[in-house]
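Thanks for coming. I will go through one model today, starting with the overall layout and then moving to particular side chains.

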Amino acid sequence: MEWNDQPGIPRPGHALEVVSAMGEGFVEGLVQGAWALLLCGPVLVASVAVTVFVVRRRALAGGNGPTGRSDQLFWDLFLGAAVAAPALLIPTLISPWTGLFLGGAGIAAGVAAYRATPKYLARRTARKDHRALESAHLAAQARHDELIARWRRYELDPACSIDYPALTDVRTPETSALIKAMRQADELRAAPHRGYPDAVTSLGATLAAAEKAAGVPAEQA
């Protein structure tokens, strides 16, 4: 019996074969784990972040009552888990280290989404308010121009000046109030301001009051 055929005695080079096999298995596991990480990582991170964002947004918004919020919370978590769980479990079965890494990435994504949601909602609300303010400002500017043109005819049209002199006489209380309203609206016109639409509305009311006090017929005003 030759030496390398004796039971219990390793053959020459057997240790090298074992090490080589282990190295090949390790490399293969790394490759498979890398592919699982590339394919499932974005899905897991996105699903966790979106789920946390939706839950956090609903919590900040409130409403729907306790029962409605509980039902909505269940479905939000269920749908998020339906996507996130396979994206975590499949890579974990392929390569444990990949699953561990993805678990940490998912936690980080959830924490980041939880912290960022209030800031994002505040910025979105601010942008929405700013657009609404700009729209109201433009509408108020158009109305302001109409009111100024309406008043100027009493100042520039000789016939109107003769028929309704009270509208250019600041000693008349209604005309004095009109001039003050005009100044206030002019001061707020330059840039979007929450008080500008109200100032234009006040200008319209004071102009109507001044016209009525001066005896301007309603159909001519």
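Along the sequence the pattern reads α-α-α-α-α-α. That is six helices and zero strands. Keep in mind throughout that this is a predicted model. The protein has 221 residues, and 25% of them are buried. Its accessible surface is about 14,500 Å², with 65% of that belonging to carbon and sulfur atoms. As for contacts, take those between residues at least 6 apart in sequence: 70% of them join residues at least 24 apart.

Now the interior. Which residues have the most contacts inside the largest nonpolar core? They are L167, L178, M182 and L203, in a core of 22 residues. Helix 3, helix 5 and helix 6 are the elements that give two or more residues to this core. Helix 5 covers 173–189 and helix 6 covers 195–214. The largest share comes from helix 6, with seven residues. To take one of the central names, M182 is in contact with I148, W151 and L203, once its neighbours within four places in sequence are left aside. There is also another core, lying apart from that one, with six residues, including C40, V48, A84 and L102.

Stay with helix 5 for a moment, because T175 is placed there. Is T175 buried or exposed? Its relative accessible area is 2%, under the 20% limit, so T175 counts as buried. A polar atom of the T175 side chain lies 2.6 Å from the backbone oxygen of A166. Not counting residues up to four places away in sequence, T175 touches A166, L167, T168, D169, V170 and A210. L167 in that list has already come up, as one of the residues with the most contacts inside the largest core.

Next, the aromatic rings. How many aromatic pairs does a search of the whole structure find? The search gives five. I will show two of them.

One is F53 with Y120, an edge-to-face pair, 5.7 Å centre to centre with 70° between the planes. This pair links distant parts of the chain, since the two residues are 67 apart: F53 is in helix 1, residues 14–61, and Y120 is in helix 3, residues 96–156. Both rings belong to residues that are partly exposed: F53 has a relative accessible area of 21%, and Y120 has 33%.

The other is F74 with F78. Why is this pair called stacked? The ring centres are 6.1 Å apart and the planes meet at 20°, so the pair is stacked; the angle has to be under 30 degrees for that. Here the partners are local: F74 and F78 both lie in helix 2, residues 65–94, four residues apart, which is about one turn of the helix. F74 is partly exposed, at a relative accessible area of 49%. F78 is likewise partly exposed, at 45%. W75 joins these two, and F74, W75 and F78 form one aromatic cluster.

One last ring. Where does the charged end of R56 sit? It is over the ring of Y114, 4.1 Å from the centre of that ring.

To go back over the main points: the protein has six helices and zero strands, its largest nonpolar core has 22 residues, and T175 in helix 5 is buried. I will stop there and take questions.

Terms used: Residues numbered from 1 in each chain as written. Predicted model: local features only at pLDDT ≥ 70, side-chain atom pairs only at ≥ 80, totals over all residues. Heavy atoms only, no water. Phe/Tyr/Trp six-rings, centres within 6.5 Å; stacked < 30°, edge-to-face > 60°. Buried < 20%, exposed > 50% of the residue type's maximum accessible area, 1.4 Å probe, protein only. Lys NZ or Arg CZ within 6 Å of the ring centre and 35° of its normal. Core = buried A, V, L, I, M, F, W, Y, C linked by side-chain atoms within 4.5 Å. Contact = heavy atoms within 4.5 Å. Polar contact = N/O pair within 3.5 Å; in protein donor to acceptor, adjacent residues only side chain to side chain. Areas by Shrake-Rupley, 256 points an atom, 1.4 Å probe, with all protein chains shown as cover.
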